[in-house]
Structures are given as C-alpha cells and as structure tokens.
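Visitor: I would like a close look at a single part of this model, followed by an account of the side-chain interactions found elsewhere in the chain. Please take the part I ask about as the starting point.

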Amino acid sequence: MHRREIVRRAIEFRAPPRLPFWQHWNHKRREFPDDVYNLWELDRAQAGWFFDNAMPDDWGCGWSATDLKNMGQVTACPLADWSALNAYRPPDPRNPFYYQRLGPLLDEADDRYVCLTAHSLLFSRLHKLRGFAESLEDFYLEPQNVHRVLDMIVDFKIRQVEELHRRFGDRIDALFVADDWGTQEGTFAGLNILRDFFVPRYKIIFDAIHACGWHVILHSCGRINLFVPTLIELGVDVLNMQQSRSYGLVEFGEQFRGQVCFLATVDIQSTLPRGVEEEIREEARLLVRHWGTPTGGLIAFDYGAWEALGVRPEVPQIMFDEFARLQRYWQEGTT
C-alpha cells in the first residue's frame, strides 16, 4: 500500500495497516517509516523567511530574533495604531512568487502524503498584525475593527486555497494551519470569543479546503480542551497535539479519540526535554493505546526543532523506536 494511502486511511478512520509516521530527520535511513512530505513554501516571504529575521515580512510585520534557534517573534505590528487600517493592504495571495518553487518540490514527494504548511491562520495572523495583548482587548473594545481584519485574512486564505488548487489540484493532500489558543491551564479566550469572531470564519476556510479534496490539519498549542469539540464540529480532520501531558493524556484521549485524528508526539515541554528513556517509551505507549483506535486516528509526529527545546539529539530516536515497535498495535494487539 502506498504511504499516501496509509496516512489517508488513518485520518479517515479506514483501518490503515500500521501507524503512519510524520518525521523530519530520518528520511535517508529507513529505520522508521517516512510517510508525509511536508512543505513550508507558503511561509516563504519576499523579504526572507520569518525564521531569518525578515524586517518587515510580506504582511508588514517586523521580526526580531529570540534566543531560540528556530524562529523569531513579531516586535513591530503594522496595525499597532488602528488609524493605519484604512490604508492597510495584505499581500497578494495570487503572487506567483509564493508558488514558483512548489512544482519541482512536489515532484520529490514520491508516494508520500503531501501536506503544505502555512502557519498563521486567523488569531495568529491577527495578533501579529495588531499585537497580542491588544488583540485580546480589542475583542471587547474594538470588535468592528477586529471583524474587518479577520475578514481581510479570510479573503486572503480563500484566494490562496483557490490558487493552490488551480495550480496543483490533487497533487496536494492537506493544508497544515496554526492558531495557538492555549496556555498551560486553558485557552486565552472563552467560547464566546471563539463563537463570535472565529467559528463562522473557520467554517468558510475549512469548507474551502475540503472542497479541494484536501484535509484540514490544525496546530494549536496549550491546553485547548475547551475548544476541541467546536473544532471537531467545524471539520478539522487532524489536530496536531504536542503537549500531551497538558491535556490530561489518558482522559483527553478517552474523550476525543475516534472523533478526530491526532498528529501527536510525546510531550515536547516535559517528557522529551527530561530525556528519561522509560518515561518516553511509556508515554508513546499511552498515546497509541488511548488516542488511537482499531480503525486509525493517530499519526506519530516529529516536532523537528529539538535543539530549540533543549532535547538531546538521541531522544527523538527513542520516541520513534517505541512508536515503530507499536506501529501494528491495533492489528496485532502487541504491547
């Protein structure tokens, strides 16, 4: 069976023959499966990659480097003053620059599942344009301006999806998007904010992606348990979960498994940085048992930028070794 089909079956709960693997670091050595071809071309900016301290990026956001090695942060927001809104224009989603390298790269996918990543979706793009604290205040103080900006972002995303489909069609299997909504204890905002500002707009974007025949893969950091039922209702196919201990690993899995596919890793903030082998293996076992099902619903995920998290180079291999040992857990009942 082609690797692409294995991943699709896991996402759609159609009984894949084994656990699929999404990894970044072991493509040449085939110790572990390598099932997903992930491209970040949609985050490429004419001013430079946002990892490279682009100043400003194509949205007009100024970036500064942090002490982490994998990215910076926005420190200059083009809509810091609302008086700039009337004259503000987002980048052109049909600009050939964003797509010119995709064709040759897609040729390298072989039989893997193809996912394009475009990190900032709605909330993440909003606070990069306006400022984080300011955005949270604006839900109450400047709701009309927030609606205007969010509609602008939705228009960009819809036209980006249309352009991708026009150019590449079924060579793509999924779009990976990101809105970080959580702290360690809960979400930044309540369900009322999600409902009033984001639910209808997420639905528009997710429906457009699905209309292309692609899956919606959503990343959201933090304890977002409160939002998960709504995200599932909106049509998210895969949730990228990286802080499994923050959610209440067993309870979270028992509540939501079978309703959405999880793209999951051993906890990147606690278990992996500690680097204790048996802890890592035990957590991988818990994820397989409590987040997967006999018909699918789990993909083993590699965060990739381990140095930025203080994770020793050999530690991800321990995690993947355990996932590989359990890759036919539901078919064979092995532990």
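Is tryptophan 291 buried or exposed, and what is its relative accessibility?

Guide: In this predicted model, tryptophan 291 counts as buried, because its relative accessibility is 0%, and the cut-off for that class is under 20%. A search of the whole structure finds 27 aromatic pairs. In one of them, tryptophan 291 is paired with phenylalanine 252, the ring centres being 5.3 Å apart and the planes meeting at 50°, an arrangement that counts as tilted. This pair links distant parts of the chain, since phenylalanine 252 belongs to helix H9 (residues 249-256) and tryptophan 291 to helix H11 (residues 277-291), with their positions 39 residues apart in the numbering. Phenylalanine 252 also counts as buried, at 1% relative accessibility.

Aromatic side chains are grouped elsewhere as well: Phe123, Phe132, Phe139, Trp181, Phe188, Phe197, Phe198, Tyr202, Phe206 and Phe227 form one aromatic cluster. A ring can also be partnered by a charge, as with phenylalanine 97, over whose ring the charged end of arginine 44 sits, 3.9 Å from the centre. Phenylalanine 97 is in turn one of the residues in contact with glutamine 46, which, leaving aside neighbours within four places in sequence, also touches Asp58 and Asn95. Glutamine 46 lies in the loop between strand S2 (36-39) and strand S3 (62-65), and with a relative accessible area of 51% it is exposed. Its C-alpha atom is separated by 34 Å from that of leucine 141, a residue 95 positions away along the chain.

Turning to charged pairs, the search of the whole structure finds 32 salt bridges. One of them joins arginine 94 and glutamate 162, whose closest N and O atoms are 3.1 Å apart. This salt bridge links distant parts of the chain, as arginine 94 is in the loop between strand S4 (72-76) and helix H2 (102-106), whereas glutamate 162 is in helix H5 (residues 143-168), 68 residues apart. Both ends are partly exposed, arginine 94 with a relative accessible area of 33% and glutamate 162 with 43%.

Helix H5 also holds a salt bridge within itself: the side chains of aspartate 155 and arginine 159 meet at 3.1 Å, N to O, and the two residues are four apart, about one turn of the helix. Aspartate 155 counts as partly exposed at 40% relative accessibility, and arginine 159 is likewise partly exposed, with a relative accessible area of 27%. In a further salt bridge, the side chains of arginine 195 and aspartate 196 meet at 3.2 Å, N to O, and aspartate 196 is partly exposed, with a relative accessible area of 39%. Salt bridges that share partners, moreover, join Glu277, Glu278, Arg281, Glu282, Arg285, Asp321, Glu322 and Arg325 into one network.

The cysteines complete the account, and here the count of disulfides comes to zero. Cysteine 77 is in no disulfide, because the nearest cysteine sulfur, that of cysteine 61, is 6.3 Å away, whereas a disulfide requires the two sulfur atoms to be within 2.5 Å. Cysteine 77 counts as partly exposed, at 23% relative accessibility. Cysteine 221 is in no disulfide either, the nearest cysteine sulfur being that of cysteine 115, 16 Å away, and at 21% relative accessibility cysteine 221 counts as partly exposed.

How values were computed:
Residues are numbered from 1 along each chain as its sequence is written. This is a predicted model: local features need pLDDT of at least 70, side-chain atom pairs count only at pLDDT 80 or more; totals for chains, interfaces and linings use all residues. Side-chain values use heavy atoms; hydrogens and water are left out. A salt bridge is a side-chain nitrogen of Lys or Arg within 4 Å of a carboxyl oxygen of Asp or Glu. Buried means under 20% relative accessible area, exposed over 50%, partly exposed in between (1.4 Å probe, protein chains only). Rings of Phe, Tyr and Trp (its six-membered ring) pair if their centres lie within 6.5 Å; planes under 30 degrees apart count as stacked, over 60 as edge-to-face and the rest as tilted. A charge sits over a ring if NZ of Lys or CZ of Arg is within 6 Å of the ring centre and within 35 degrees of the ring normal. Contact means heavy atoms within 4.5 Å.
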